[in-house]
Amino acid sequence: MDFKVLGIRFLTGTLFFLLFIFLINFDTNLLKFFILLIYIIIFIEIFIYFIKKKIIIFLYTFSSFILFQIYLFYNFSIKSLMFMIFLIICFDTFSYIFGSLFGKSKILPSISPNKTYLGALSGFFISIFSAYFVFSFSYNLLLINYILISSLVIIFAFIGDLLESYFKRLSNIKNSSALLPGHGGFF
């Protein structure tokens, strides 16, 4: 495991999470503007770095943007946003740690050469447990509903990550940019 990359990844993720907490507590309209800015950066990354299937990548990202805007304007909840961000950060971090240390069997080596079954499963279960431990006091959900919602968030985040890796492989790039150290760009 590359502990330097892990440290940079952890630091960047923590700073980003703290920035979200600050923006949520400071002004939710500023948070919405910040999210719009992130999508603009993603579109710029796609325009600059991706060669093949650019229109499909734009449509994929634009549909994500539209769905997120619908969520922000019609069903926005600070708790649910923080819950989703926390789940995704935990999943990404624990998958990386356990996959790097113990993972042997690759999931889709031609698309994402470092993702392992053990990493994905470890990240999945540890992040559900961690998020339940952190957020269970603020939600009035049955345990099964909590597990189902958490699972859906993680599964869709994982599928999105695989799609992003697929698009990067088509364009022969390792990272979509260096703007988010340790994470390979905003896309």
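These are worked exercises on the structure above, which is a predicted model.

**Exercise 1. The overall layout**

Task: Work out which elements the chain has, and find how its radius of gyration fits a compact globule.

Solution:
- Start by listing the elements: there are six helices and two strands.
- Next, put them in order from the N terminus, which gives α-α-α-α-β-β-α-α.
- Now take the size. For 187 residues, a compact globule would have a radius of gyration near 16 Å, and the chain has 17 Å, so the two agree.
- Along the principal axes, the C-alpha atoms fill a box of roughly 45 × 40 × 30 Å.
- Then look at how the chain meets itself: of the contacts with a separation of 6 or more, 66% are between residues 24 or more positions apart.
- Finish with the surface. The accessible surface is about 11,100 Å², and carbon and sulfur atoms account for 74% of it. Of the 187 residues, 39% are buried.

**Exercise 2. Helix α1**

Task: Check the length of helix α1 against the expected span, then find what its buried residues pack against.

Solution:
- Helix α1 covers residues 3–26, which is 24 residues.
- At 1.5 Å a residue, the helix should span 34 Å; its end C-alpha atoms lie 34 Å apart, so the expectation is met.
- Now pick out the buried residues of α1: Leu6, Arg9, Thr12, Gly13, Phe17, Phe20, Leu23 and Ile24.
- The partners of these buried residues are α2 (28–49) and α4 (78–102).

**Exercise 3. The nonpolar core**

Task: Which helix gives the most to the largest nonpolar core?

Solution:
- It helps to recall a general tendency first: in soluble globular proteins, nonpolar side chains tend to be buried together.
- In this model, the largest nonpolar core has 40 residues. Those with the most contacts inside it are Phe20, Leu31, Ile42, Phe50, Ala131 and Phe187.
- At least two residues of this core come from each of α1, α2, α3 (54–74), α4, α5 (117–135) and α6.
- The helix we are after is α4, which gives the most to this core with eight residues.
- For a closer look, take Ala131. Leaving aside neighbours within four places in sequence, Ala131 is in contact with Phe83, Phe86, Leu87, Ser136 and Tyr146.

**Exercise 4. Aromatic pairs**

Task: Describe the geometry of the pair Phe91 and Phe158, and of the pair Phe124 and Phe125.

Solution:
- The structure holds 12 aromatic pairs.
- Begin with Phe91 and Phe158: their ring centres are 5.9 Å apart and their planes stand at 90°, so this pair is edge-to-face.
- Place the partners on the chain. Phe91 is in helix α4 and Phe158 in helix α6 (residues 143–170), so the pair links distant parts of the chain, 67 residues apart.
- Check their burial against the cut-off of under 20%. Phe91 is buried at 9% relative accessible area, and Phe158 is buried at 18%.
- Turn to Phe124 and Phe125. Their centres are 5.2 Å apart and their planes are at 85°, so this pair is edge-to-face.
- Phe124 is buried at 18% relative accessibility, whereas Phe125 is exposed at 55%.
- One aromatic cluster to find on your own tour is formed by Tyr39, Phe62 and Phe65.

**Exercise 5. Three polar residues**

Task: Is each of Ser112, Lys32 and Asn172 buried or exposed?

Solution:
- Ser112 is in strand β2 (residues 112–116). Its relative accessible area is 5%, so Ser112 is buried.
- Beyond four places in sequence, Ser112 touches Leu162, Ser165 and Arg169. The C-alpha atoms of Ser112 and Arg169 are separated by 8.3 Å, although these residues are 57 residues apart along the chain.
- Lys32 is in helix α2. At 18% relative accessible area, Lys32 is buried. Not counting residues up to four places away, Lys32 touches Leu72 and Phe73.
- Asn172 is in the segment after α6. With a relative accessible area of 70%, Asn172 is exposed.
- One last step concerns the backbone. Most residues other than glycine have a negative phi. The phi of Asn172 is near 55°, a positive value in a residue other than glycine.

Definitions and conventions
Residues numbered from 1 in each chain as written. Predicted model: local features only at pLDDT ≥ 70, side-chain atom pairs only at ≥ 80, totals over all residues. Heavy atoms only, no water. Helix = DSSP H or I, 4+ residues; strand = E, 2+ residues; numbered from the N terminus. Expected span 1.5 Å × (residues − 1). Buried < 20%, exposed > 50% of the residue type's maximum accessible area, 1.4 Å probe, protein only. Contact = heavy atoms within 4.5 Å. Phe/Tyr/Trp six-rings, centres within 6.5 Å; stacked < 30°, edge-to-face > 60°. Rg over C-alpha atoms; globule rule 2.2 N^0.38 Å. Areas by Shrake-Rupley, 256 points an atom, 1.4 Å probe, with all protein chains shown as cover. Core = buried A, V, L, I, M, F, W, Y, C linked by side-chain atoms within 4.5 Å.
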